Amino acid sequence: MKLYLIRHPRPEVKKGLCYGDMDVPLADGWEEGAQALKNALSIEFDGESNVCFHSPLSRAARLAEHIGDGKSQVVEALKELDFGDWEGLCWQDIPKQEIDLWADDIVLSAPYNGESLQVVADRVWRWWLSVKDMPMENCVLVAHSGVIKVFVSMLCQWPLDQCHRIDVGFSSLTEFFIQGDLVMLKRLGAGDWVSSQ
């Protein structure tokens, strides 16, 4: 199976905004990059051997519906990390001591009254275990930076506390080849089909 992890296009938000699982709109012109990505994937989605799944947040759902020809399936487990009290604040306005507290145990802590990375990892992995043995040739997930970072870490058996080092740009694509227990990372965070983003 080929597994593609795609981050949503750039949203229309104030620079530095913490928007986690807030539903924010996409920036104008996102369709151009989405079409280039669709062309690069060149997959005919049939819901059986070629399947597309997406986060329920509109910034991922709109891209998934575009590249998946309206056949993408919504998956609650693919929502971005919930930053709780920090949602809608600019990072610079969040008290430094709260961010430091989080950084001291980035995997298990959630001083913002939202989800920890471990909670996100657990929900994503539970979902993956429920679908990974389906007879899929191509599996496409359209999600968010945090979801992709923890998923890549788990697939590659990398430490979850280092997942912040993975670069997942807007509209980027990460590709795996998976056969049984064999997991091969083919490309990480590539965005070479997008000219303007």
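**View 1. Cysteine sulfurs in the predicted model, with C156 and C52 in close-up.** In this predicted model, the cysteine sulfur closest to that of C156 belongs to C163 and lies 12 Å away, too far for a bond. The sulfur of C52 has its closest cysteine counterpart in C139, at 8.3 Å, which is likewise too far for a bond. Because a disulfide is taken here as a pair of cysteine sulfur atoms within 2.5 Å, neither C156 with C163 nor C52 with C139 qualifies, and the count of disulfides comes to zero. C52 also counts as buried, with a relative accessibility of 2%.

**View 2. The open sheet, with its edge at strand 3.** Six strands form an open sheet in the order 3-2-4-1-5-6, and their pairing is mixed. Strand 3 (73–74) and strand 6 (182–190) are the edge strands, each of them pairing on one side only. At the strand 3 edge, strand 2 (residues 50–54) runs parallel to strand 3 and is joined to it by two bridges, and H54 stands opposite V74 of strand 3.

**View 3. Helix 2 and helix 5 packed on the sheet.** Helix 2 (residues 58–67) packs on the sheet through contacts with strand 1 (2–7), strand 2 and strand 4 (138–143), and its direction makes an angle of about 150° with that of strand 4. Helix 5 (residues 145–156) packs on the sheet as well, touching strand 1, strand 4, strand 5 (173–179) and strand 6, and its direction makes about 150° with that of strand 1.

**View 4. Strand 5 between its two neighbours.** Strand 5 is largely enclosed by the rest of the structure, because five of its seven residues are buried. Strand 1 and strand 5 run antiparallel and are joined by five bridges, with L3 standing opposite F176 of strand 5. Strand 5 and strand 6 also run antiparallel, here with six bridges between them, and F177 has M184 in strand 6 as its bridge partner. These two strands, 5 and 6, form a hairpin with two residues between them, and G180, which lies in the turn, has a positive phi of about 60°.

**View 5. Surroundings of N138 in strand 4.** N138 lies in strand 4 and counts as buried, with a relative accessibility of 13%. When residues up to four places away in sequence are left aside, N138 touches K2, Y4, I43, S49, N50 and V51.

**View 6. Y19 in the loop between strand 1 and helix 1.** Y19 is placed in the loop that lies between strand 1 and helix 1 (30–41), and at 14% relative accessibility Y19 counts as buried. Leaving out residues up to four places away in sequence, its contacts are R7, H8, P11, V13, V24, R59, E87 and F170. The C-alpha atom of Y19 is separated by 28 Å from that of S130, a residue 111 places away along the chain.

**View 7. The largest pocket and its lining.** The largest pocket holds about 490 Å³ of space. It is lined by 24 residues, of which E80, F83, W91, S145 and G146 are the closest to its centre. Helix 5 gives the most to the lining of this pocket, contributing three residues; helix 5 is also one of the helices packed on the sheet, as shown in View 3.

Conventions: Residues are numbered from 1 along each chain as its sequence is written. This is a predicted model: local features need pLDDT of at least 70, side-chain atom pairs count only at pLDDT 80 or more; totals for chains, interfaces and linings use all residues. Side-chain values use heavy atoms; hydrogens and water are left out. Two strands pair if DSSP finds at least two bridges between them. Helices (H or I, at least four residues) and strands (E, at least two) are DSSP runs, numbered from the N terminus. Contact means heavy atoms within 4.5 Å. Axes are lines fitted to C-alpha atoms, for helices over the stretch in contact, and angles run from 0 to 180 degrees between N-to-C directions. Buried means under 20% relative accessible area, exposed over 50%, partly exposed in between (1.4 Å probe, protein chains only). On a 1 Å grid over the protein atoms alone, a cavity is a set of points where a 1.4 Å probe fits but cannot get out, and a pocket is an open set with protein on both sides within 12 Å along at least five of seven lines; lining residues have an atom within 4 Å of a point. Grid points are joined across faces, edges and corners, and a volume is the space filled by probe spheres set on the points.
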